[in-house]
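Here are a few short exercises to work through with the model open on your screen. Have a go at each one before you read the solution.

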Amino acid sequence: MNAVKMSEERLMQVILAPVISEKSTMLADKNRQVAFRVARDASKPEIKAAVELLFKVEVGDVKVANVKGKMKRFGRHFGRRDTWKKAYVCLKPGQELNFVAGE
């Protein structure tokens, strides 16, 4: 599958959740891209291998973005939400990702 061998246990912890938003829905329709919330220390090869393992699809390309946590106010005190990492996974032509598949 991949030149770099990674443990399945690690790959199962890389992808945390799909990102469901207007932007991610438009990307899925237009460019066959799916957005995921991933572990902050995940690399592109790990993300690619994890998506291929979990969803049994072929991944073409992976782009990542670090999302900075927002400043929030709690009464008189200010705090910051956690920073997290988002991955845009581009699927190869003919591939489709279905989260609600009853397989």
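**Exercise 1.** Work out whether valine 38 counts as buried or exposed in this predicted model.

*Solution.* Start with the cut-off: buried means under 20% relative accessible area. Valine 38 comes in at 1% relative accessibility, so it counts as buried.

**Exercise 2.** Find where valine 38 sits and which residues it is in contact with, leaving aside neighbours within four places in sequence.

*Solution.* First, place the residue: valine 38 belongs to strand E2. Next, list its contacts: Val14, Ile15, Leu16, Ile47, Lys85 and Ala87. Finally, check a distance: glutamine 13 is 25 residues away from valine 38 in sequence, yet their C-alpha atoms are 8.5 Å apart in space.

**Exercise 3.** Trace the order of the strands in the open sheet.

*Solution.* Go across the four strands and you get E1-E2-E6-E3, with antiparallel pairing. The edges are E1 (15–18) and E3 (59–67), since each of these pairs on one side only. From one strand to the next, the twist averages 30°. Now zoom in on E1 and E2 (residues 33–38): three bridges link them in the antiparallel sense. Proline 18 is found opposite phenylalanine 36 of E2.

**Exercise 4.** Say which strands helix H2 touches and which ones helix H3 lies across.

*Solution.* Take helix H2 (residues 22–31) to begin with: it packs on the sheet and touches E2 and E6 (84–91). Its direction makes about 140° with that of E2. Then turn to helix H3 (residues 44–55), which lies across E1, E2, E3 and E6. Helix H3 runs at about 120° to E3.

Notes: Residues are numbered from 1 along each chain as its sequence is written. This is a predicted model: local features need pLDDT of at least 70, side-chain atom pairs count only at pLDDT 80 or more; totals for chains, interfaces and linings use all residues. Side-chain values use heavy atoms; hydrogens and water are left out. Two strands pair if DSSP finds at least two bridges between them. Helices (H or I, at least four residues) and strands (E, at least two) are DSSP runs, numbered from the N terminus. Axes are lines fitted to C-alpha atoms, for helices over the stretch in contact, and angles run from 0 to 180 degrees between N-to-C directions. Contact means heavy atoms within 4.5 Å. Buried means under 20% relative accessible area, exposed over 50%, partly exposed in between (1.4 Å probe, protein chains only).
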